[in-house]
Amino acid sequence: MHILVVEDEQRLTYLLRRVLLEERYAVDLAHDGVAGLDLALSDTYDVVILDVMLPGMDGIEICRQMRTERVMTPVLMLTALGAVEDRVTGLNVGADDYLTKPFAMEELLARINALLRRRTHHFDEKQLLTVGDLTLDMVRHEVCRDGQLIELTAKEFALLEYLMRHPGQVLTRTQITDAVWRYDLEALSNVVDIYIHYLRDKVDQGFSRPLIKTVRGFGYKITS
């Protein structure tokens, strides 16, 4: 699962990132409203955690524009203690739930799980990706090839998801880095090549034919 956190308080942001990574979610971060809206409109996330008070553009406006653009990703809005008006306004513009600061991480995770279960109830074709005999289930967070379950890390899962959402399309290293490692301070210049190698070891090795292809001078693609 892929979660976007839009929060300008950096200490809280990186705490959220650490907790979510421990739960095996892929996480992108944005520290202002403009960057948060840009990411949210990409419609590649399973949940958006959105603070109300942000520099550049507030969370209310981000949520409003998401819904205007028909991006229906579940939104969990973070509000200040006692900010009833913000909570009401957020729910009215399309937020799915809210959490009042300060909050316990256990409650945050419980609310995320509730949103994911609710989304599962409205399951659509984007939640199950297939390329050849390889399937990626966004709901169960499972990858199978030829009936064999494949264990992936959160970042490997996010990379494979991005490739499988663009089957047959050549994706440059820059495109992949922007989509999978955006705002990740740990990303290295050769991180894409390293993780493609990891994926190939798990997804292609030992099977009848490779699905992940190198297009020399350009990047990578996945195709059956």
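This report describes salt bridges, backbone geometry and helix packing in a predicted model.

## Salt bridges within helices

The count of salt bridges in the predicted model comes to 13, and two of the pairs described here lie within single helices. In helix α1, which spans residues 10-22, glutamate 22 and arginine 18 are 4 residues apart and thus separated by about one helical turn. Their salt bridge brings the closest N and O atoms to 3.3 Å apart. Glutamate 22 is exposed, with a relative accessible area of 53%, while arginine 18, with a relative accessible area of 46%, is partly exposed.

Helix α3, covering residues 59-68, holds arginine 64 and glutamate 61, which are 3 residues apart, again about one turn of the helix. The side chains of arginine 64 and glutamate 61 meet in a salt bridge with an N to O distance of 2.6 Å. Arginine 64 counts as partly exposed at 35% relative accessibility, and glutamate 61 also counts as partly exposed, at 25% relative accessibility.

## A buried pair and a network

Aspartate 204 and arginine 145 form a further salt bridge, in which the closest N and O atoms are 3.0 Å apart. Because aspartate 204 lies in the loop between α8 (191-203) and β11 (212-215) whereas arginine 145 belongs to strand β8 (residues 142-145), the pair ties together parts that are 59 residues apart in sequence. Both partners fall under the 20% limit for buried residues: aspartate 204 counts as buried at 8% relative accessibility, and arginine 145 counts as buried at 0%.

Salt bridges also link Glu7, Asp51 and Lys101 in a network. The last-named residue, lysine 101, takes part in a backbone feature as well, since a cis peptide bond joins lysine 101 and proline 102, with omega at about -10 degrees. Proline 102 is found in the loop between β5 (97-100) and α5 (105-121).

## Positive phi and loop positions

Arginine 70, although not a glycine, has a positive phi of about 60 degrees. The place of arginine 70 is in the loop between α3 and β4 (75-79), and at 71% relative accessibility arginine 70 counts as exposed. Methionine 72 is likewise placed in the loop between α3 and β4 and is exposed, with a relative accessible area of 56%. The C-alpha atoms of methionine 72 and alanine 40, which are 32 residues apart along the chain, are separated by 9.9 Å.

Aspartate 146 is another residue other than glycine with a positive phi, here near 50 degrees. Aspartate 146 is found in the loop between β8 and β9 (148-150), and at 59% relative accessibility it counts as exposed. Arginine 145, in strand β8, counts as buried.

## Packing of helix α6

Helix α6 (residues 154-164) packs against helix α7 (residues 173-180) at an angle of about 125 degrees, with their axes 10 Å apart, which makes α6 oblique to α7. In this arrangement α6 passes α7 in a right-handed crossing. The contact is made by Lys155, Ala158, Leu159, Tyr162 and Leu163 on the α6 side, and by Gln175, Ile176, Ala179 and Val180 on the α7 side. By class, these residues of the α6 and α7 contact are 7 nonpolar, 1 polar and 1 charged.

Helix α6 also packs against α8, at an angle of about 85 degrees and with their axes 10 Å apart. An angle from 65 to 115 degrees counts as roughly perpendicular, and α6 is therefore roughly perpendicular to α8. From α6 the contact involves Lys155, Glu156, Leu159, Leu160 and Leu163, and from α8 it involves Tyr195, Ile196, Tyr198, Leu199, Lys202 and Val203. By class, the contact of α6 with α8 has 8 nonpolar and 3 charged residues, with no polar residues. Lys155, Leu159 and Leu163 of α6 appear both in the contact with α7 and in the contact with α8.

Notes:
Residues are numbered from 1 along each chain as its sequence is written. This is a predicted model: local features need pLDDT of at least 70, side-chain atom pairs count only at pLDDT 80 or more; totals for chains, interfaces and linings use all residues. Side-chain values use heavy atoms; hydrogens and water are left out. A salt bridge is a side-chain nitrogen of Lys or Arg within 4 Å of a carboxyl oxygen of Asp or Glu. Buried means under 20% relative accessible area, exposed over 50%, partly exposed in between (1.4 Å probe, protein chains only). Axes are lines fitted to C-alpha atoms, for helices over the stretch in contact, and angles run from 0 to 180 degrees between N-to-C directions. Angles under 35 degrees count as roughly parallel, over 145 as roughly antiparallel, 65 to 115 as roughly perpendicular and the rest as oblique. A crossing is left-handed if the near helix is turned anticlockwise from the far one by less than a right angle, and right-handed if clockwise. Contact means heavy atoms within 4.5 Å. Ala, Val, Leu, Ile, Met, Phe, Trp, Tyr, Cys and Pro count as nonpolar, Asp, Glu, Lys and Arg as charged, and the others, Gly among them, as polar.
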